[in-house]
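Subject: Structure for your review

Dear colleague,

I am handing over the structure below, and after it you will find my notes on what was found. Please read them with the coordinates open beside you.

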Amino acid sequence: MSLCGGSGPAAAPRLRPRAAQMARRPELLCGAAIVLGCAFLVALKVTCRVLLPKVQVLKEDEAREEIQRNHSSCRAKDVTMPAKLPVNFFSTRSPVIDLFRGQLDYADHLRQDSEIVLYFFYAPWCGQSIAAREEIEHVASRLSDQVLFVAVNCWWNQGKCRKQKHFFYFPVIHLYHRSFGPIEYKGPMSAVYIEKFVRRVMTPLLYISSRSKLLDFLSNYEPGVLGYFEFNASPQPPGYLTFFTSALHSLKKDYLGTIRFGVITAKRVAEEISLVQSGSVYLHRHVNTSLIYPSDIMNYTAENICKWALENREMLIRWLRPHGGKSLLLNNELKKGPALLIFIPYNPLAEIHPLLDEITKVALEYHNCNKSQAAEPDLQHLGDTDSPAFDSSVPDAHTKLSETFSITKYPCCNTVVLPQWHSISRTHNVCELCINQTLGVKPNKVHVPHCNFLEIEAALDSFYLQEHTFFQVISNTIECSNFLSFYSPFSYYTACCRTVNRHFLSFSSSEETIFQTPKVAFSSHGKKDNAPHSIPHIEDRNWFIPDLHINGTNITGLSCRTNKTLNLYLLDSNLFWIYAERLGASRSTHLKEFAAIVDLKEEVHYVLDQNQSLVGSTLENFIKNFSVLYSPLKRHLVDDPAVRFHEQRVITEVTTNTFHDTVFRSEKNVLLLYYAQWCGFCASLNHIFIQLARLLPPDNFTVARIDITRNDLPWEFMTDHLPTILFFPHQRKEQSVKFPEDFAVNLPNLLKFILHHSSLSSSEPCTKECLRKETVLQQGHISHLEREIQKLRSEIGALHQAHDQLEAQLAEARREEQRLQQQKHRLEKQHKTLQLHSEQLQATYEQKNQELLEMAEKLQELADASENLLKENTLLRILVASREGKLQSKDEIKESLQSEQTLAEDDDVSVSTAAATLEAKQIDNIDTVETEHSSGNRTE
């Protein structure tokens, strides 16, 4: 048996003595293996202690270099975070079904079982979605029994809504009427507006079965489309579903719902608007001729009916609903021409709107170009189902509905206020101007209507050009005079005039305060203009001649009689009052009613006096005075209310309201800077103006500035170039001077400019007192400038000292920089040396690591050999013990046999011989078994 596991006849004799020795002393082998293992561990520990610090230093250097590379590149690694699981956007108790995981397929499944469905697509992070959530819940609480409300999270990246829908904004509202849809709602995210739109989708058609309902439908200011269908033969007559779908198409294309659709179910009612054949469609228009759908030319489809109605509708007054973001809606509308913007509080769910009805009536009068007098009362008051007058007095009902205006024959008269001429300074001249009067008329007996605008405009031109006529008729009593027109020798006018003191016009009526002079108005010289208007304009003659009785108004058809046609717009002041505030509305008013005319081309806008109530008569006067040839309206100047005035400021901040007091009423020379917040060049001049304000004596000079983008000024003081500098000399404010644009804006140039223009002599001869005051003023200026020069010299000396100190500090900094450069070179050399050393250490580390691996393999072999030896030693011990036991048993057997032999030698000779033979065989068998067992263990 071989010690290394090999076996053979030649190796057996050599290994037997060693095996016998190991069998006798096995602890020597175990001790040698343990000592060798400990020596290996000690060597490994010492080697690691030497190498690890060097390796650690090398790793730290590599880490520093890696950090420097990351900082130099300034690029951060992309970090991807898994999206958080969505949660409920609506509460579990809400009537809105919240599919916050974007289950669009389940939403489509719900839609199959409902007639009206509202989808609210939202993004959980969107502020507008969060704000609209409460509005949607409010609408759902009112209509949940009729409409299915479903909210879908269209932002969850694993939802089907995000994968199938590609919305560019949130929230999005879609409505479905059975299989028709989607109808997107784009109106204000307010509960009342959303509910109104949902109700329009629920009932897109109004069913009209009586004359009173027809009159109510036609009297509405919105365009109306009527269809006549006979429901007697079939619950769904031919063409009815097409007309129904066209109403839904109109809501899809016109989210404001400006066109109303109705269905006439009675033949006698349809005949009132000349509808005889079932399936006919009628488009009602207030001013222009109403139309009947040309089914013989156009195919009778829902799209064609909707397109025809949208193209031919009549928009007398239009709602504007800006969505609040960046939009060109207002700009595009204002580019169409002068616009009258009317802000009123509006509730779309209310059944009656008295103020809106008045405004509608004014709009109808304004756009009615076919008649010359006022319209009759609303259609809804003309007839009723049970009214016999409606049936008998008017044979042709269609004519009755269309002929809603009355014509008044001439002559006609209007009251005008004449201008102030150079010879009349303290009076107003009020004349009663009548057309086609052969003789002078007494004003207290005139009972004729107002003339239309075209006629009175021609009369005013002729009257205004004849200056001598004014002087002939002006007196303390009422005098009349006749004159011919300049345009036609066959037209003649009568003027009855009288003189009215100025205080007479200071009336307080809400209808006439429109003609009062605004609080801030400027003449060409910058002084307040408290004088009356310098042009004639139309007035309500009841204030000047109380006995006159007015029948009608001359606003009828005004849009077609002047080149200053207004576009009328309505805005809900509950939502868009911020636009009214920007136009000049008061921020403290509780009644949010406001009207303004904006003329984008002329860059002006006029504001209706907020002390007047917004009613039809004030709107009519507002429109008339804008449309007149010589408009008496004053341009409204926008003021910046956010400016706060501080007495400690060196530069005075000027606004529209303070411009007159700061610039013209001030007893100082004023230097005014025009600037804007976005103007970078203006901001660069701030330090120059601060230094200038500190140099100039505050008792004689004021340095001010005005933000021209937030404050309007009279045209003569506006500018289109920024920055602009104007100088207003004391006592010669009308001779303001602009700083030359080709000069650099710096402190010396500004001082020269100010001193040059402030010392110019006035156009009037100066007295001795004036010269003395001028001399004292100049001496004061000189002394002030000398003090300032002394201060500047001291500041220059301090600056020189600071300059020397800075030079010394710079020299020291340069030396320090050189030292740091040298240190940097040394560190770079050391770094290279350390790099070489680290490479050497790395090579040594790898070599030692290889040696350690080899030693570890050898130790593993020794450990395996020692384990085998321990096993063999154990077997040998077992074998020796068994041998000793056998020998002892032999001795006992021999002794027993000898004793028995002595006792019965003669009797059992054969027995003893057999026993001995048997014993010998047993011993041989035992030896054979032990030898085979030992050989098997060695082989293993």
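To begin with a point of detail, where is the place of P723? P723 sits in the loop between strand 23 (701–707) and strand 24 (724–728), and a cis peptide bond, with omega about -5°, joins L722 to this proline.

Before going further, please keep in mind that this is a predicted model. The mean pLDDT of the protein is 75, and 67% of its residues reach 70 or more. Residues 1–13 stay under 50 in pLDDT, and the model has 15 contacts beyond four places in sequence for them; over residues 467–476 the pLDDT is likewise below 50, and that stretch has 17 contacts in the model beyond near neighbours in sequence.

The sheet with strands 1 to 5

An open sheet of 5 strands has the order 1-3-2-4-5, and its pairing is mixed. Its edges are strand 1 (97–99) and strand 5 (180–185), each of which pairs on one side only, and neighbouring strands of this sheet are turned against each other by 25° on average, with direction ignored. Within the sheet, strand 2 (residues 116–122) and strand 3 (residues 148–153) pair in the parallel sense over 6 bridges, and F120 has A151 of strand 3 as its bridge partner. Helix 4 (residues 127–143) packs on the sheet, where it touches strand 2, strand 3 and strand 4 (172–177), and its direction makes about 165° with that of strand 2.

Strand 4 and strand 5 run antiparallel and are joined by 4 bridges, with I173 standing opposite Y185 in strand 5. These two strands form a hairpin with 2 residues between them, and in that hairpin R178 takes a positive phi near 55°; R178 is a residue other than glycine, and its place is in the loop between strand 4 and strand 5. The peptide bond from G181 to P182 is also worth a look, as it is cis with omega near 0°, and P182 lies in strand 5.

The sheet with strands 6 to 10

A further 5 strands form an open sheet in the order 6-8-7-9-10, again with mixed pairing. Here the edge strands are strand 6 (205–208) and strand 10 (291–292), each pairing on one side only. Strand 7 (residues 224–228) pairs with strand 9 (residues 281–284) in the antiparallel sense over 4 bridges, and the bridge partner of V225 in strand 9 is L283.

Two helices that lie across the sheets

Which strands does helix 8 (residues 240–253) lie across? Helix 8 lies across strand 4 and strand 5, running at about 30° to strand 5, whereas helix 10 (residues 302–312) lies across strand 7, strand 9 and strand 10, at about 20° to strand 9. Helix 8 and helix 10 also pack against each other, with their axes 8 Å apart and an angle of about 55° between them, which makes helix 8 oblique to helix 10. The crossing of helix 8 with helix 10 is right-handed. On the side of helix 8 the contact involves T242, T245, S246, H249, S250 and K253, which meet A302, E303, I305, C306 and L310 in helix 10; by class, this contact has 4 nonpolar, 5 polar and 2 charged residues.

A helix pair further along the chain

The axes of helix 21 (residues 686–695) and helix 22 (residues 747–758) come within 10 Å and cross at roughly 45°, and these two helices are therefore oblique to each other. Their crossing is right-handed. The residues that make the contact are I688, F689, Q691, L692 and L695 of helix 21, together with L747, L750, L751 and I754 of helix 22. By class, the contact of helix 21 with helix 22 has 8 nonpolar residues, 1 polar residue and no charged ones, while the contact of helix 8 with helix 10 has 2 charged residues.

With best regards

Technical notes. Residues are numbered from 1 along each chain as its sequence is written. This is a predicted model: local features need pLDDT of at least 70, side-chain atom pairs count only at pLDDT 80 or more; totals for chains, interfaces and linings use all residues. Side-chain values use heavy atoms; hydrogens and water are left out. pLDDT is the predictor's confidence in each residue, from 0 to 100. Contact means heavy atoms within 4.5 Å. Two strands pair if DSSP finds at least two bridges between them. Axes are lines fitted to C-alpha atoms, for helices over the stretch in contact, and angles run from 0 to 180 degrees between N-to-C directions. Angles under 35 degrees count as roughly parallel, over 145 as roughly antiparallel, 65 to 115 as roughly perpendicular and the rest as oblique. A crossing is left-handed if the near helix is turned anticlockwise from the far one by less than a right angle, and right-handed if clockwise. Ala, Val, Leu, Ile, Met, Phe, Trp, Tyr, Cys and Pro count as nonpolar, Asp, Glu, Lys and Arg as charged, and the others, Gly among them, as polar.
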